[in-house]
Structures are given as C-alpha cells and as structure tokens.
Amino acid sequence: MPDYDPPTGYTGSPHRFPLPADTILWRLHSRKIPATGFVPYSPSSDGRFEAPPDDPYGKCDAGTDAAAMLADTLLRAVPPHSTTFRTIRRAAVVGQRASAIVTAAELQLVSLLDAPALAAVAQSRWLIAAEWTDFPRVRRWAKWIREQAPWAHGFIWPTIRNEHERLVIMFADRCDTSVFEPDPLFEVDLDDDYGAVWLNGVMVRYRARINGPRKR
C-alpha cells in the first residue's frame, strides 16, 4: 500500500480521456435524486473518490456496465464465499434505484485506466484497487489529482472485478445536469419484488443475490 502523501514538486500531466457524447452509463442512486442529478456533498459518503471536507464537491457515480457498477457498491464489504452465493443486504437497497443515463456532450476525464495513466499522477494500481478500509487515504489523492487537472469533469478507472468495464465519477462543480439525459425506458427500484428479481439476474455473474422483501 503506497501510504505516502501526494508529491509537492509534481511536474507530470494527468492523462486525458474524452468520454464521447451518447455514452450509456448506469448508476445507483436514491429515489429522492433524479437519474441525471448530482449527489450533494456529505461527510458520511463512502465511495472511493468522495470529496474531503476541504473540497466538498457533489458527484455523480456511474459505470459502463450495470452489473459491474452495482457490484462495486453493493459487494464492497461482502467477502466472497467459496461454496455459496454472497448475500446482498436488503438495507443496502432501501430507497435505491438503478437507472441508465446518456451523456449529452463529450466529457473530459482524468484517465486512471492503466499503468502509464496511474504513473502520470504519481500512483500505482493501489489507487483504483484499494479496499474500502483504505478509502480515506485514497481521497487525499483524489483531491490532489483534481488540483492537477482543473480541466477535468471527473475520473475514469477500471473495475477491480472486470478490467474491461469502467467506473466514472463526475464532479458537480465542473459540470451540471445538462450533460446527461435520462433513459426513460430504464429505471428499476431495487427494494421491491421486481427489483429483487432483476438484481438477482444481473448479479448472478458475481455469485451474489438478494432476498425479496418480507411479506406483510
């Protein structure tokens, strides 16, 4: 684990990744927030590149694949089991919705997709593969990388479970909701019966499942 502070004499340049317009992204969000909305800053948020208190940006987390995006959040603290499926806690999906959105314009992202891109921000694979217990250290670097790339709308990096699928975070202080369009044909509330059936179908590749809601 690279437990060191970001450099003070940095002379590199973060790699730029242009995310094309009309890219379909999947996100998990509260029903209280529109599919294209940004999540306001909260000190209790628990994502990899969450804002620190001294740089309190809102954000939109998403992924290029529904299952990979959901696994990154819902399986974060659920260890693999050698013989049975992992169980997703129902508390994790209460009030949550999975939605598809489409980029309405090209977005400029800092690439964290490969070793050269990570080296360009003085880091290694640890930055994108660290376990959730190391996220506070990761966030020091997120703040620093933002400072090195004032042009960046967000970051893009591969998922730890499938390097061909990608996760993104977009910053509310650098772009607004007009850069996204909702996909009116797809949104699923995950805390009802249909949501449980849909989630189990999506998550089977990760050997994970959720029990349906209790009947009253």
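The side chains of Asp-134 and Arg-137 meet in a salt bridge, with a nitrogen-to-oxygen distance of 3.2 Å. The model that shows this contact is predicted. Which of the two partners is buried, and which is partly exposed? Asp-134 counts as buried because its relative accessible area is 15%, and the limit for that class is under 20%. Arg-137 has a relative accessibility of 31%, so this residue counts as partly exposed.

Some salt bridges share partners, and in this way Arg-31, Arg-97, Glu-187, Asp-189 and Asp-191 are joined into one network. The structure holds 14 salt bridges. Three of them are listed below.

| Salt bridge | N to O distance | Burial |
|---|---|---|
| Lys-59 and Glu-50 | 2.8 Å | both buried |
| Arg-76 and Asp-72 | 3.6 Å | both buried |
| Asp-134 and Arg-137 | 3.2 Å | Asp-134 buried (15%), Arg-137 partly exposed (31%) |

**Strand E2**

Strand E2 covers residues 24-30, and five of its seven residues are buried, so the strand is largely enclosed by the rest of the structure. To which strand is E2 joined by seven bridges? The partner is strand E5 (residues 96-103), and the two strands run antiparallel. One of the residues involved is Leu-28, whose bridge partner in E5 is Ala-98.

**Aromatic rings**

The structure also holds nine aromatic pairs. In one of them, the ring centres of Phe-49 and Trp-157 lie 4.7 Å apart and the planes stand at 85 degrees, so the pair is classed as edge-to-face. The reasoning rests on the angle, since planes over 60 degrees apart count as edge-to-face. This pair links distant parts of the chain: Phe-49 belongs to the loop between E2 and strand E3 (59-63), whereas Trp-157 belongs to strand E7 (residues 154-158), and 108 residues separate them. Phe-49 is buried, because its relative accessibility is 3%. Trp-157 is likewise buried, because its relative accessible area is 6%.

Trp-141 and Trp-144 form another edge-to-face pair, with 5.5 Å from centre to centre and 75 degrees between the planes. Where do these two residues lie? Both are found in helix H4 (residues 135-148), three residues apart, which is about one turn of the helix. Trp-141 and Trp-144 are both buried.

Ring pairs also build a cluster, which links Phe-49, Tyr-57, Phe-155, Trp-157 and Phe-171. Phe-171 has a further contact, for the charged end of Arg-146 sits over its ring, 4.6 Å from the centre. In a similar arrangement, Arg-16 lies over the face of Trp-151, at 3.9 Å from the ring centre.

**The largest pocket**

Empty space can be examined as well. Rolling a probe the size of a water molecule over the atoms shows where such space is left. The largest pocket has a volume of about 1000 Å³. How many residues line the largest pocket, and which lie nearest its centre? The lining consists of 36 residues, and those nearest the centre are Asp-46, Gly-47, Lys-59, Thr-73 and Arg-76. Two of these residues appeared earlier in salt bridges: Lys-59 with Glu-50, and Arg-76 with Asp-72. Several elements contribute to the lining of the largest pocket, as E2, E3, helix H1 (66-74), H4 and strand E8 (166-171) each supply at least two residues.

Methods: Residues numbered from 1 in each chain as written. Predicted model: local features only at pLDDT ≥ 70, side-chain atom pairs only at ≥ 80, totals over all residues. Heavy atoms only, no water. Salt bridge = Lys/Arg side-chain N within 4 Å of Asp/Glu carboxyl O. Buried < 20%, exposed > 50% of the residue type's maximum accessible area, 1.4 Å probe, protein only. Helix = DSSP H or I, 4+ residues; strand = E, 2+ residues; numbered from the N terminus. Pairing = 2+ DSSP bridges. Phe/Tyr/Trp six-rings, centres within 6.5 Å; stacked < 30°, edge-to-face > 60°. Lys NZ or Arg CZ within 6 Å of the ring centre and 35° of its normal. 1 Å grid on protein atoms, 1.4 Å probe; cavity = no way out; pocket = protein on both sides within 12 Å on 5 of 7 lines; lining within 4 Å. Points joined across faces, edges and corners; volume = space filled by probe spheres on them.
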